[in-house]
Amino acid sequence: MKSDLGGCAYVVTAHKQSAVTHSVVGQFTSPDDLNLIVTKSSRVEVNLSTDVGLKPITEFNVYGKIAVIEVFRYKNEKKDCIFILTESCYACILEYVDGKIITRAYGDMRDKNYSVSQSGMHACIDPEARCIALRLYDGVLKVINLNSSSKHLTTAEQRIEEIQVVDMCFLHTANKPTLALLYDDNSSRHLSTIAITLDNSGSGASIHKGPFRHTQVEQDTILLVPVPEPLAGILLVGHVNITYHDSKNRSTCSIENIVQRTIECVTPIDKHRYLCGDSCGELSLLLLDYNETRIPEERMRLATKPLGRATLPNTLSYIDNGVVFVGSTFGDSELIRLQMSDDNSGRHFISLHQYDNLGPIKDMCIVDFEKQGQGQLVTASGVGMGGSLRIIRNGVGIHEYASIDLDGVKGLWALKYLSSSSKQDSLLLSFVGQTIFLRLEGQEVAEIEDLPGFTNEEQTMYAGNVTDNQFLQITEKQVRLVSEESLKGTWEPDENSQINLCSVNKNQVILGVGNTAVYLEINDCEIVEKSRKVFNSEVACIDVSPLKDNTASDIFTIGLWDVSVSINKLPLMEEIAKMELGGDIIPRSVLLNSFGENKTPYLLVSIGDGALFYIKLKDDNTFSTKKRIQLGTQPTSLNKFHTSNGSTVFACSDRPAVIHSSNEKLFFSNVNLKQVNHMCVLDSEGYSNALAIVNENALLIGKIDDIQKLHTSTVRLNETPHAVLHYEERQVFAYLGEFNEDELKEVTGPDQERNKKLFTPLSLQCPYKSGLTERENSHNVHNGYTSVNSLVICDELTFVPKWAHLFDVGEISVCMCVAELGKKAEKFIVVGTAITADEQECKSGRICVFSYSKEEKLTLVSSKAVTGAIYSVKPLNGNKIICAINQQLKVFEMNEQTTLQSEAPVANHITCVAVDVSKNGFILSADLMRSISVFSYKPLEGALEEIARDYHPNWMTCIKIMDDDTYIGAENSENIFICARNADAPDEEDRQQLLPIGYYHVGEHVNTIVEGNLVMDVHVESSITPKRTFLMGSVSGYVGLLVIFPEKQWQFLSKLETKMRKVIRGVGKIDHESWRSFESDSRMEDCKGFVDGDLVEMFQDLRPEKQKEVITDLTMDGAPVTLDDVVRLVDDLCRLH
């Protein structure tokens, strides 16, 4: 095989799952705590409810996709436990002890004699915590007796008559555990109850008929909600009605006029009030009014009250004091507070906080706006009103407040000068031969003639507030101490000398004067020289930053022209440690800083070519091993400032960066500015906690983002995006959207017009529209919905909509690409559509070719009707396109009359769902059921030829060509695999067969794969050398990074993963190797060719003695590895994402 990419893959999480699947409330971490526990696919987040909102406590991953999570409390215990059931039928009971998640009991609930029910898994816990009921298989009920003290969960199995169970729950009865079952018998829907008798042994159970049974309940009933004692009844929730049932009473309330769509979830507020959420995001309050004195038929009355529209709910959890968590899989989740009165929009709640959700990601593209290797990922996310474009970037953003055009600034400093000011009020800007002063009044900035005591006739090298309400100004000629608006003291260098460099803290100054370092201390109205030292080489840079806040420094750092740095003790300047940097490029800036919660000391040294050395200091302030990273191409200036992450460093250069710490690792996050020459912290009345930044021609004032690994920006669409692309030549994004006009008509509230504007799809907000703009008399009614599809053009920076083309009635926009077509090789946006009909398979569609001119006009240039839905379209050979149309692959080109002509049809698919094209013209196609195939296109013959195929059955979701001979695919059982083509095999049959060389269970439904990475290649002296990187987007909002490594590095990572499996035990005792094994409906394969990066990178969280245990007997290149080697390697892996 020519390719060496396959079989050496490393998969790690770049963005965690964000779609909320379940949420529960309980006292999990402490008897005095109230916790909201949220699950997102296989991840569990535990939050503490506080007066100021939710506080994250811990999070953990489960080696399985969570199907059920419940909280319960064992008898005579003071806090709750969690019960988790995965889709693979593993169950566990977890508790929180001393800050750790402990597995209290666990078990495998699988049964080889049965197949998992197609109607889904159901599990619920008796309110008295006597037992857990599981309905995993049709006609079988499993009961876990919670009176057992065994750590192994065992079940008593009972056959039941209710085959197709829709929902089930336990009733609040004190005698025996009583289970209510909502089930279907193909003709109608029924409600039955089952009483469970538990034996004293703690393992056995028997079942009997329960207290009541109701046949032929409303056919659209989908949810059962138990009602607490004294009623101990049950609510049956349907699309039209909510009905209350118990052994004596029955009452029904119509919700047809209250609820717009199907009720998705219900949470109890108290015994008489329930909060309901429907699939449109409408919340309503259900009231239970029970009065024993009424006649039997009217003792229970139900009433509903609309509360307004929130996010699209998948789960509701009432926390306390009117606060509710609304968890969503289709949009952002939300924390709200219920209130009696409505706001101006008619809502009876206020939003307290929103939680970003990228899911479901249906398409994405990666864009490098600055052309510096810094990718930004743009995803088509969400559904309906929760639809959005999400812009995900690695690094730090500066949000600009104000800017002033200024050339030639050599430095700037902020001062609190006025005695009446509580914050900084002045800026000093240094130029060649002069200094100017700016006064800050609110958000106004004005130049003033002078500051008393300061000189403006020289270039300032430093200015700032120092001890005892004094000010310091340093120029080439002197050090000036200012107090009470007058000059109180000066220090000047020897005759014929000048100050070249300086570093200052609150009361200490180090000066560089030629090859001499001078140490000054600042007292009350005087400057005192304490010591000086002559070095063997001229001083290049200097720093006296204290490693502890608000203290004087007992050391300083100096960089010399002989390309060395040293740490020296104050006040006498004795040398503590010295390091030769190597090479012939002199150091330009040095800085001592303590990073992270543990205040780990580092020395940072930047040199003239933009490289940066970072050296961890030992306890005695000597050096450990130095590491190097290439930040930019020009000299870098290092400046300290404070954020919520602690002490942080801003690196000013042509590629500015913020250096910060997380989990005791240093990270270098790029800043969204092209050039920063100087910066200072600015905290004024008008600009609180801001930064003042100078580039080549302007002064900027702005605020820095919270420092985190990934930042997400949201463009609200209020419609479902199907696809997104970047049209670089026109500097725009394009997306395909779909919304339902009925949803707009259903927007209610006192201020209905305002609300409609709030929820209006972005496609309808475009200033220019084309296509089917008159829709009132044309309705595509499908399940009662009116669907409108569109192509929308947005500005690439602001995402302001520019143009929308609305497609024909019944036409769904499915896919698109930018392609060159025609003799002139002009670029067009090509859209593939599907035209819906009553048939099960779509039998028609269109290829629409659009031009978007420099004048920002969108024109439909050509349209071609085809016999099927177009599931995928890609450019081919520079002037053609290839389309996946139902069973066919077809190539099209555009003639001079702008007519699309087809050639080379291949019809050997069941349904061709995706296509990809390599740079050399190889074509990869994905079949709905029959995995992947590789084709070559022969332009002279106008023919497609299949050259290789994977013969394993895989239900495909997306594909990507890694190179001409290696391909990656994702299938609907949440697995990915890599296949390779053996083009050099002597046997024709071997050449035609794609060999699977990698199998991996991601545990995520992957919809899209793109090549690229979110982290800029900063040329670190790294122990790893990635060959290629790819990003995967999934339904849950997960973004995974897939890295291809050279085989030797990958083999070592594979051995490290094997060792880590023995040390890291999965939550609930679930086996990691089984979790990552490829498993689908038709086959199982052991994981191979992939390494789980999430597991490998947990090496950093181990205690040193555990780390040493893991690396025992590990070798690299035949030699045993050291702990430092592995720590550095894992550090480098973490910096990939």
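The following paragraphs describe the overall form, the nonpolar cores and selected loop residues of a predicted model.

In this predicted model the protein is built from eight helices and 91 strands. The C-alpha trace extends over about 105 × 80 × 70 Å along its principal axes, and the radius of gyration is 34 Å, which agrees with the value near 32 Å that a compact globule of 1137 residues would have. Of the 1137 residues, 58% count as buried. Among the contacts with a separation of 6 or more, 52% are made by residues lying 24 or more positions apart. The accessible surface comes to about 47,700 Å², and carbon and sulfur atoms account for 45% of this area. With respect to charge, the protein carries 110 positive and 154 negative groups, the mean positions of which are separated by 3 Å.

The largest nonpolar core comprises 59 residues, and the residues with the most contacts inside this core are Tyr10, Ile84, Phe1045, Leu1056, Phe1099 and Leu1133. Helix α4, formed by residues 1047–1063, supplies the largest share of this core, namely six residues. The surroundings of Phe1045 bring together several parts of the sequence: when residues up to four places away are not counted, Phe1045 touches Cys8 and Tyr10, then Ile1024, Thr1025 and Pro1026, and further Trp1050, Leu1053, Leu1133 and Leu1136. Two of these partners, Tyr10 and Leu1133, are themselves listed with Phe1045 among the residues with the most contacts inside the core. A second core, separate from the one just described, contains 27 residues, including Phe454, Phe471, Ile474 and Leu481.

Attention is next given to the backbone, where cis peptide bonds precede Pro360 and Pro571. The bond joining Gly359 and Pro360 has an omega of about -15°, and Pro360 is placed in the loop that connects β29 (349–355) with β30 (361–367). The bond from Leu570 to Pro571 has an omega near 10°, and Pro571 likewise belongs to a loop, in this case the one between β48 (564–569) and β49 (574–580).

Positive phi values are found at Asn621 and Asn886, neither of which is a glycine. For Asn621 phi is about 65°, and the residue is situated in the loop between β52 (611–617) and β53 (623–630). Because its relative accessible area is 17%, which lies under the 20% limit, Asn621 is classed as buried. For Asn886 phi is near 50°, and the residue is located in the loop that links β73 (880–885) to β74 (888–894). Asn886 is also buried, its relative accessible area being 3%.

A further loop residue, Phe799, lies between β66 (785–795) and β67 (801–806), and counts as buried at a relative accessibility of 9%. Once its neighbours within four places in sequence are left aside, Phe799 is in contact with Leu389, Ile391, Val715, Phe733, Leu762 and Cys794. Glu597, by comparison, is 202 residues from Phe799 in sequence, and the C-alpha atoms of these two residues are 39 Å apart in space.

Notes. Residues are numbered from 1 along each chain as its sequence is written. This is a predicted model: local features need pLDDT of at least 70, side-chain atom pairs count only at pLDDT 80 or more; totals for chains, interfaces and linings use all residues. Side-chain values use heavy atoms; hydrogens and water are left out. Helices (H or I, at least four residues) and strands (E, at least two) are DSSP runs, numbered from the N terminus. The radius of gyration is taken over C-alpha atoms; the globule rule is 2.2 Å times the number of residues to the power 0.38. Buried means under 20% relative accessible area, exposed over 50%, partly exposed in between (1.4 Å probe, protein chains only). Contact means heavy atoms within 4.5 Å. Accessible areas come from the Shrake-Rupley method with a 1.4 Å probe; for residues, only the protein chains shown count as cover. Lys and Arg count as positive and Asp and Glu as negative; His and the chain ends are not counted. The place of a charge is taken as NZ of Lys, CZ of Arg, CG of Asp or CD of Glu. A nonpolar core is a set of buried Ala, Val, Leu, Ile, Met, Phe, Trp, Tyr and Cys residues joined through side-chain atoms within 4.5 Å.
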